[in-house]
Amino acid sequence: MEDHIEPAVHTLAMRSVIQSFRNFVKSPERQKNCSLWPAFLVAILCAVWPVGAQAQDESFDFENIAPNLPGWRGLGSVDSEQKSWGLSQPGFPFIGSLDGTQPHAGGNCLKVEFTQDVTNVGIMLMNAPVSGGSLEVSFFIRSEGIGADGLVSLYQYDSGGQRTQLHWGISKVQESSTWSEVTCKINLLPDTASIRFSVSYPSVPAGAKIWIDDITLKMSN
Ligand SMILES: [Ca+2]
């Protein structure tokens, strides 16, 4: 599975940024208001290169997040065509949304619902800033109709946006209709500035669902 899903993640994310840029160049808004250029370029840089500020422990509880789920992406293959997209973007084989039904805590969690059979599926949190000697990642997950265990993977990136290390499948996610906690820990390279986090499955049938809540990144020296 690693050979199929992992190289495609970076390539497709870059293609997405490039396509967004092309769309913007062609857009009527650009022609009406050139002052948008600096803001758009800053947005591209923020998307591709992680911020250099000192990272602190982070939590992602889905309580104060925009409905379009910024920072999250989905990856999946249908009919051998691998695609990557924003989780709230319609028209793809699975879609993410904020769900207030039975969150692990608070009023919301992330829900991902599959509308078609998909293979090599990944749900990714992009470019979370980190620092320090080690990182512990924990989160809560439940699922319905997946029919397979999932894998947690972490990707380390330096301040230039280059991936420096991949921790593929460092924890297993067992299918469960009730919330279960998954925890994994990695040593950070000295120049690591950000990580990506993914939960992936070899295949998922149409109609299956995953819920995620209370992701915590704990950093220590
Ligand atoms: Ca929550």
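# Strand pairing, core and burial

Me: What makes β5 and β12 count as paired strands?

Reply: Four bridges join strand β5 (residues 109-114) to β12, and the two strands run antiparallel. Pairing requires at least two bridges, so the four found here satisfy the criterion. Within this pair, Leu110 stands opposite Ile212 of β12. The model is a predicted one.

Me: How do you know that strand β1 pairs with strand β12?

Reply: Three bridges join β1 (residues 58-60) to β12 (residues 209-220). The requirement is at least two bridges, and therefore β1 and β12 are a pair. Their directions are antiparallel, and Ser59 faces Thr216 in β12.

Me: What makes β7 and β12 a pair, and in which sense do they run?

Reply: Strand β7 (residues 134-144) and β12 share ten bridges. Because at least two are needed, β7 and β12 qualify as paired. The sense is antiparallel. Val137 has Leu217 as its bridge partner in β12.

Me: Which strands form the open sheet, and in what order?

Reply: Six strands form it, in the order β3-β2-β6-β11-β8-β9, with antiparallel pairing.

Me: Why are β3 and β9 called edge strands?

Reply: β3 (81-86) and β9 (163-173) each pair on one side only, and these are the edge strands of the open sheet. Averaged over the sheet, and with direction ignored, neighbouring strands are turned by 20° against each other.

Me: How do you know that β6 and β11 pair within this sheet?

Reply: Strand β6 (residues 118-129) is joined to strand β11 (residues 192-204) by nine bridges. The criterion is at least two, so β6 and β11 meet it. They run antiparallel, and Leu125 stands opposite Phe197 in β11.

Me: What supports the pairing of β8 and β9?

Reply: β8 and β9 pair in the antiparallel sense over seven bridges, where at least two are required. In β9, Lys172 is the bridge partner of Leu151. These strands form a hairpin with four residues between them, and Gly161 in this hairpin takes a positive phi near 85°.

Me: Which residues touch the most other members of the largest nonpolar core?

Reply: Ile141, Ile195, Phe197 and Ile212 do so, in a core of 42 residues. β5, β6, β7, β8 (150-158), β11 and β12 each supply at least two residues of this core. Phe197 touches Met124, Leu125, Ala128, Val137 and Leu154, leaving out residues up to four places away in sequence.

Me: Why does Leu69 count as buried or exposed?

Reply: Leu69 has 21 C-beta neighbours inside 10 Å. The threshold for a buried residue is 20 or more, and therefore Leu69 counts as buried. Leu69 lies in the loop between β1 and β2 (72-78). Its phi is near 55°, a positive value in a residue other than glycine.

Me: What is the place of Asn127, and why is Asn127 classed as buried or exposed?

Reply: Asn127 belongs to strand β6. Asn127 has 21 C-beta neighbours inside 10 Å; since burial begins at 20, Asn127 counts as buried. The phi of Asn127 is near 50°, positive although the residue is not glycine.

Me: Why is Asp117 called partly exposed?

Reply: Asp117 has 15 C-beta neighbours inside 10 Å. A residue is exposed at 12 or fewer and buried at 20 or more; a value of 15 falls in between, so Asp117 counts as partly exposed. Asp117 is located in the loop between β5 and β6. Apart from neighbours within four places in sequence, Asp117 is in contact with Pro205 and Ala206. Asp117 and Phe94, 23 residues apart in sequence, are separated by 9.2 Å from C-alpha to C-alpha.

Me: What share of the residues of the protein chain count as buried?

Reply: Of the 221 residues, 32% count as buried. The chain's secondary structure comprises three helices and twelve strands. Among contacts with a separation of 6 or more, 75% are between residues 24 or more positions apart.

Me: What is the mean pLDDT of the protein chain, and where is the pLDDT below 50?

Reply: The mean pLDDT is 82, and 75% of the residues reach 70 or more. Over residues 9-14 the pLDDT is below 50, and this stretch has eleven contacts beyond near neighbours in sequence. Residues 36-53 also have a pLDDT below 50, with 21 contacts in the model beyond near neighbours in sequence.

Conventions: Residues are numbered from 1 along each chain as its sequence is written. This is a predicted model: local features need pLDDT of at least 70, side-chain atom pairs count only at pLDDT 80 or more; totals for chains, interfaces and linings use all residues. pLDDT is the predictor's confidence in each residue, from 0 to 100. Two residues are in contact if their C-beta atoms, placed from the backbone, lie within 7 Å. Axes are lines fitted to C-alpha atoms, for helices over the stretch in contact, and angles run from 0 to 180 degrees between N-to-C directions. A nonpolar core is a set of buried Ala, Val, Leu, Ile, Met, Phe, Trp, Tyr and Cys residues joined through C-beta atoms within 7 Å.
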